Structure formats: C-alpha cells, structure tokens
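Here is a brisk report on one chain, from single residues up to overall dimensions.

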Amino acid sequence: MIQQCLRYAKGYVHINFYGEEKERFLNLCSANDIILWKLMPQGEGQMACMSISDFKKLRPISRKTKIKIRISKKRGLPFFFQKSRKRKAFFLGILCFCALIYMLSLRIWNIHVDGNITYSTQTVLKYLEQENIRHGILKKSVNCAEVASMLRREFPNITWVSARIEGTRLFLEMKENYNQEQEQQTVDQESTPQDIVAKKSGTVMSIVTRSGVPLVKVGDQFKKGDILVSGTLEIKNDAQETIGYEYTSADADLYARTSYSYYDEFPMEYEERIYTQDQRNSWFFTIMNYRVDIGPSPPEDQRYDQVATTHPLYLTENFILPLTYGTIQTLPYQIEVKQYTKEEAAAKANTNLYMFLKNLTQKGVEIYRKNVKIDTSESTCITKGKIQVTEKITTTAPVKIQEVIPERTSEE
C-alpha cells in the first residue's frame, strides 16, 4: 500500500512495447535497474507500468533492440497537477483546507477523563469549563501541571492527577481515595464516645463485642432505639460502688432476626407498544455545539421512539475534529391495551418479588423465611406478606455523660 502511494506521488506510465527482441529488451532493463510491474501480453506486444524517471532511460535500450514504445496511460500527482494547473479555485480550496486543518490542530477538541469513580466525568468537565478549560481552547493556553493542581484542590478525594496533551486530545488520568470519607467517619467514631443502638426491632442472633459493654445476649428481643452495646464503662471501688465513668466508642458485630412487610400491586390491564413497519431513518451532523438535522421530522400526532447513533470524525487517532455525524432511527408505534392472564400476573408478581429479595441480598441481608401470598382479581394483582431475615441493624449514637454524685460520709 505504501509503495503504491509512493508510485502515485512520483507518477508513472502504462507503456505498450512491440518488436522481435522483447526478451533482450527486458534483460537490458533489468541490467540498468529499470523496474517494470504489471507486465502482461497484449496483442502482439507487451504491456507494463514504470516510473517517469525509468521511462527516460529507455531511449538507448529501445534503439539497441529496435523495440517500439508507446505510452497508453499517465497516472500520478505530477500529471494531475499538470492537467489541473488552470483550475485556480481547486488549488485555492486545497490551500484553504490545509489551513483549516492546521488551525484545528492548534486546539483541544476532546477532553478524556479516566480513573474517576466518585466524581462523574460531567462533574469534572463542568468544573474545567468554569476554569475556562473547555473544548476548542488553544493548546498553548493549557498548562497541564496547573490543570492537575486545580483538580486536586477542587476534589479532595483525588489523590493523583496526570494531565497530558496528545494531538487534539487532553488526557486526564486520576486516582481517587474513595474510602477517604468512610475512613474519616471511622476516625471520628473512634475518637468520639458512641453507643450502639438498634435501627429497628428484632431478636439477637449473634453478637461479637470488641469494645464497650453488651447489654443484650443471643435470644434477647429489643425495640427500635434500644442501646445494645454501651460505650459507658463504670469505675467501681472495692465495695463495688460506682465512683466514676469512662467512655469509649462501642464496637461490635450484631446480627438480628427481623422482618420486612412486602406489598406489591399492579393493574391487570397494561399497555404494550406495537411497533409498525413504517420505520424511517434521518441524518444529522454537528459542528461544535450546533446541530443540523437532515430529513423530515415525524408527525406531531404520531407516537414514536427514536434511536440516535453518533460518530465522531477523526483525522488521525488523536486528532478529533469538532464534527460529528449520525443517524436517527424513528420507530412509530401504537398502544394496544392488553390484560394479564392469572398465570402471567403470577409470573410478573414472582419476578418483582425476586428482584426485591435480590436487592436485599446485595445489601448483605440473609433471607430466612418468606410468607407471601399472591391474590389476583379482574382489575389488580396484589402480593403481600412477611419476609423474615437476618441482618445487621445497628447504628451509633453519642453516649450520655453520667454525673457521679459523691456519697455523704457519716461525719457530714
């Protein structure tokens, strides 16, 4: 492919040659480093391709071998420019196109953010736009070190940022300490005296206490708001009298048997979209933030869905042009009212229940028993019941500081 491009750039000719000493002619061409390609018979002679420079060396060889040579075709940029030398508008267009490409290459047309977890790409781009770092900015106006520093200052969870420019793209690679807030909360909890309290009522199934005083044991029932592990430690004397208190941050793993009330209701009638065969495709393209639609718009009184496919234009791998094009597929549909059968309604109700239980399981809840009933009527399908689970239901609350009232002595 590269060789073909080089031949086209330098120019080459198709020749036909005739004579009785064709083999001697080819041997002399090889001896003089004259390259022929696409050599094939044509009538009484032969046809071949050769470069312009090699064609100029043929005159002495053709005289020796008495071979007649005729040019049948001329190909390549030299012949194209010679033919088009009077087309000033054409060359002016090429010049303007090259100037436009050069001007576009001086700007940033794509900002690529990678490694972000806590902060979305749109959040990062919106902040950069506030700092005048936006698509279309001159590359010389972008200080990569300053951009990285700004991002670290604005977003505390970002611990490392690398900014670099490749072609017309600004690459931002970052690493986040997304556990920083959780770690900070843990530090605060450890430094502040805390009680462990119940978020909901239940029965203790297991408890492992690392710090604090457990106030419940396995099998005990409790209510919402009860203190399960206290962060208050009593200091007693030899007579087992409380003479003071120490405070700590209670820490324990407590799992309890609790229950969820499940209720789900949906109508037996439902609407289904029936897509018609009258599907239409239209085109659109964007220049910067401006969009142009090509093709008729769907009627306002028609119901339809649209699926858009966008394709950015690349000049090279990293040279993204501020131009995009795409297609819009319009899918007209009609609404048809249908009714679930009892079997279909039961299947849908079971699917909804499965998704509810799956969501609980993903949160670390262990399903123990479920007692759910599905009732269907002509108008509605109702699913309700109780789901017993084993889960962690604790939270923390600041301890209440106890006052120590000194006992009066007999002398007093």
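Lys 66 sits in the loop that links α4 (58-65) to β4 (68-75). Helices (H or I, at least four residues) and strands (E, at least two) are DSSP runs, numbered from the N terminus. Lys 66 is not a glycine, yet its phi is positive, at about 55°. Its relative accessibility is 70%, so Lys 66 counts as exposed. Here buried means under 20% relative accessible area, exposed means over 50%, and partly exposed lies in between (1.4 Å probe, protein chains only).

The model is predicted: local features need pLDDT of at least 70, side-chain atom pairs count only at pLDDT 80 or more, and totals for chains, interfaces and linings use all residues. Residues are numbered from 1 along each chain as its sequence is written, and side-chain values use heavy atoms, with hydrogens and water left out.

**Selected residues**

Lys 38 also has a positive phi of about 55° without being a glycine. The table lists four residues with their places and accessibilities.

| Residue | Place | Relative accessible area | Class |
|---|---|---|---|
| Lys 38 | strand β2 (37-42) | 52% | exposed |
| Asn 16 | strand β1 (12-18) | 4% | buried |
| Arg 369 | strand β21 (366-376) | 48% | partly exposed |
| Gly 212 | loop between β9 (202-211) and β10 (213-214) | 25% | partly exposed |

Contact means heavy atoms within 4.5 Å. Residues up to four places away in sequence are not counted for Asn 16, which touches Gln 42, Gln 46, Met 47, Lys 68, Ile 69, Arg 70 and Ser 72. Arg 369, leaving aside neighbours within four places in sequence, is in contact with Lys 386, Ile 387 and Gln 388. Arg 369 and Ser 259 are 110 residues apart along the chain, and their C-alpha atoms are separated by 9.2 Å.

Gly 212, with neighbours within four places in sequence left aside, contacts Val 229, Ser 230, Leu 233, Thr 248 and Ala 250. From Gly 212 to Arg 59 the C-alpha to C-alpha distance is 106 Å, across 153 residues of sequence.

**Nonpolar cores**

In soluble globular proteins, nonpolar side chains tend to be buried together. A nonpolar core is a set of buried Ala, Val, Leu, Ile, Met, Phe, Trp, Tyr and Cys residues joined through side-chain atoms within 4.5 Å. Which members of the largest core touch the most other members? Of its 23 residues, they are Ile 111, Leu 128, Ile 133, Val 147, Leu 151, Leu 170 and Leu 172. Two or more residues come from each of β5 (110-114), α7 (121-130), α8 (144-154), β6 (158-166) and β7 (169-176). The most come from α8, with five. Val 147 touches Leu 128, Ile 133, Val 142 and Leu 172, not counting residues up to four places away in sequence. A second, separate core has twelve residues, including Val 13, Phe 25, Ile 61 and Ile 67.

**Whole chain**

The protein chain has ten helices and 23 strands. Its radius of gyration is 41 Å, well over the 22 Å that the globule rule gives for 412 residues, so the chain is more spread out than a compact globule. That radius is taken over C-alpha atoms, and the rule is 2.2 Å times the number of residues to the power 0.38. Along the principal axes, the C-alpha atoms fill a box of roughly 145 × 70 × 45 Å. Of the 412 residues, 29% count as buried. Among contacts between residues at least 6 apart in sequence, 67% join residues at least 24 apart.
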